[in-house]
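Visitor: Please show me the sequence and the structure, and then let us discuss them in turn.

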Amino acid sequence: MAQLILVRHGQSLWNALNKFTGWVDVPLSERGRAEATIASCRLSGYRVNVCFTSKLIRAIETATICLTENDDICGGKIPIIKHEQPDADWRGWDSYDGNPAEELPIFTNAALDERFYGELQGLNKADTAAKYGNEQVQKWRRSYSVRPPGGESLEDTQQRVVAYFNSRILPHLRAGDNVLIAAHGNSLRWRSLSFGESIIMMLDRLSPDEVTALELATGVPIVYELDAAGGSIGKQILND
Ligand SMILES: O=C(O)[C@@H](CO)OP(=O)(O)O
């Protein structure tokens with residue numbers, strides 16, 4: 001049995017300003033870093049074997065704070081960030097095979113990035129609602145299939161997240177590793193997770209309406225207990 005821990009990044013500087021952020025790489029605010037520290041405390045007693053984050057700094061910061069402010073979580077290992085998608089001018093600068101006995105990998109991949117908000121990125125959410133109407137903005141933000149102008153729908157986001165989850169993360173869970181994923185509101189707002197050809201892993205049995213209404217708090221870990229097949233047999237939200 002393995003544990004899957006999901007955490008939405010702590011508050012970013014643009015969350016604080018109520019701006020559409022998407023793929024814009026905005027760091028955590030002071031409050032966001034404090035939220036990640038609190039998440040780390042709430043995870044005391046839990047043990048993580050491998051971590052996955054998006055490529056965005058707010059998720060990476062959250063993961064590193066969670067894993068370094070509480071020694072127990074890594075079981076004494078050193079977390080090492082491993083970029084799965086090096087930049088075009090990468091010259092092997094972070095090349096290192098690693099030592100699994102001493103190090104805990106934090107894999108970063110754009111597949112876990114926030115939903116791409118296209119032309120809305122950088123705009124204030126309240127100003128945008130005043131300009132286009134609440135209903136339209138709510139559709140862009142929370143409907144399942146509607147894309148914001150030039151951006152991704154929740155469905156588009158979910159497809160890339162689930163494909164990555166199945167190929168990279170699920171094998172770790174099946175092998176019994178406890179996994180921490182630090183990512184984003186829309187990349188964690190999964191309706192279901194498929195396992196191979198069939199959907200056998202319904203972490204939360206949510207309808208499309210329920211999934212779009214789901215709001216994840218920043219910096220609050222959600223722990224799923226999984227059975228050997230990867231099905232959810234328990235869920236705990238660590239918010240107190
Ligand atoms: O701006 C964003 O990237 C996201 C998360 O903060 O916003 P929303 O809540 O509208 O999905």
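The following exchange treats the ligand shell, two annotated positions, the nonpolar cores and one helix.

Guide: This is a predicted model, in which local features need pLDDT of at least 70, side-chain atom pairs count only at pLDDT 80 or more, and totals for chains, interfaces and linings use all residues. Residues are numbered from 1 along each chain as its sequence is written.

Visitor: Which residues surround the ligand?

Guide: A residue counts as near the ligand if its C-beta atom, placed from the backbone, lies within 6 Å of it. The ligand is surrounded by Asn15, Phe20, Thr21, Gly22, Glu114, Tyr117, Arg141, Gly185 and Asn186.

Visitor: Which positions does the UniProt annotation "active site" cover?

Guide: The entry is unreviewed, and such annotations, given in the numbering used here with shortened feature names, may be inferred rather than shown by experiment. The positions are spread over 106 residues of sequence, yet they cluster in space, with a largest C-alpha distance of 10.4 Å. According to the record, they are His9 and Glu114.

Visitor: Is histidine 9 buried or exposed?

Guide: Histidine 9 is found in the loop between β1 and α1 (13-16); helices (H or I, at least four residues) and strands (E, at least two) are DSSP runs, numbered from the N terminus. A residue is buried if 20 or more other C-beta atoms, placed from the backbone, lie within 10 Å of its own, exposed if 12 or fewer, and partly exposed in between. Because histidine 9 has 33 C-beta neighbours inside 10 Å, it counts as buried.

Visitor: How many other C-beta atoms lie within 10 Å of glutamate 114?

Guide: Glutamate 114 lies in the loop between β4 and α4 (125-132). Its contacts (C-beta atoms, placed from the backbone, within 7 Å) include Thr21, Trp23 and His184, leaving aside neighbours within four places in sequence. Glutamate 114 is buried, and the number of other C-beta atoms is 26.

Visitor: Which element gives the largest share of the largest nonpolar core?

Guide: A nonpolar core is a set of buried Ala, Val, Leu, Ile, Met, Phe, Trp, Tyr and Cys residues joined through C-beta atoms within 7 Å. Of the 38 residues in the largest one, those touching the most other members include Cys51, Ala63 and Leu180. The elements giving two or more residues to this core include β1 (2-8) and β5 (179-183). The largest share, six residues, comes from α3.

Visitor: Against which element do the buried residues of α5 pack?

Guide: In α5 (residues 134-142), Val137, Trp140 and Arg141 are buried. They cover an arc (of the directions from the helix axis to the C-beta atoms) of only 95 degrees, so they are on the same side of α5. The element against which they pack is α4.

Terms used. Contact = placed C-beta atoms within 7 Å.
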